[in-house]
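Let's take a walk through the charged side chains of this protein and see who pairs with whom. Have the viewer open as you read.

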Amino acid sequence: MKKLTTLFLLLLCLYPLSAGAEDFLGAPVIGEGQEIIKTDARLELKTTLSHDQVIALYREALKGFKDIKFREWEDATYIEDDGNLKWHSITISKGDEKGTTVTIVKDNWTWIIGTLILRYIGVFVVLMILFLGMSVSGRIISSIVKKMETEKAGT
């Protein structure tokens with residue numbers, strides 16, 4: 001019960017940060033973060049919040065989106081949009097005592113085309129493996145059938 005109360009109070013304290021926060025390409029940005037890099041395609045900022053606090057904030061802010069996936073890596077949490085939003089991913093580093101780094105990256109055509117090319121090549125690799133397997137098994141079966149026919153003809 002104590003943990004639930006603490007979590008509720010933490011979310012209650014963090015909600016105003018997400019409600020009045022600005023956004024970058026439609027992705028929520030932590031208001032008290034210090035910008036490190038900001039271009040048209042990338043925003044990197046450092047915040048004094050812990051990794052878990054930032055994750056709680058983003059889970060709350062992105063809970064209404066259907067194509068969002070959270071992936072836990074060893075050194076970061078990766079939030080990916082598999083839909084049609086303007087941003088592609090949000091990477092939240094596990095950081096150190098000094099703070100957490102949040103990186104928001106714009107969806108770009110090189111990633112989209114690269115993924116499509118990999119899938120296209122992958123389909124043909126699978127088809128070639130199936131073709132080779134069927135060819136080898138066809139030859140084996142043909143030789144067994146020929147051997148059986150010659151044995152029948154010989155008897």
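A salt bridge here is a side-chain nitrogen of Lys or Arg within 4 Å of a carboxyl oxygen of Asp or Glu. Keep in mind that what you're looking at is a predicted model.

With that cut-off in hand, start at Lys-94 and Glu-72, whose side chains form a salt bridge with an N to O distance of 3.8 Å. That value makes the cut because the limit is 4 Å. This pair ties together distant parts of the chain, 22 residues apart: Lys-94 sits in the loop between strand S7 (87-93) and strand S8 (100-106), while Glu-72 belongs to strand S5 (residues 68-72). How exposed are the two partners? Lys-94 is partly exposed at 33% relative accessibility, and Glu-72 is partly exposed too, with 47%.

How many salt bridges does the whole structure hold? A full search turns up five, so let's pick out a couple of others under the definition above.

Next up is Glu-60, which pairs with Lys-63 through N and O atoms that come to 3.0 Å at their closest. Glu-60 counts as partly exposed, since its relative accessibility is 30%. Lys-63, on the other hand, reaches 62% and therefore counts as exposed.

Finally, swing over to Arg-42 and Glu-44, where the salt bridge spans 3.3 Å from N to O. Is Glu-44 buried or exposed? At 16% relative accessibility, Glu-44 is buried, because buried means under 20%. Its partner Arg-42, at 33%, is partly exposed.

As for why such pairs turn up, side chains of opposite charge can pair when their charged atoms come close.

Conventions:
Residues numbered from 1 in each chain as written. Predicted model: local features only at pLDDT ≥ 70, side-chain atom pairs only at ≥ 80, totals over all residues. Heavy atoms only, no water. Buried < 20%, exposed > 50% of the residue type's maximum accessible area, 1.4 Å probe, protein only. Helix = DSSP H or I, 4+ residues; strand = E, 2+ residues; numbered from the N terminus.
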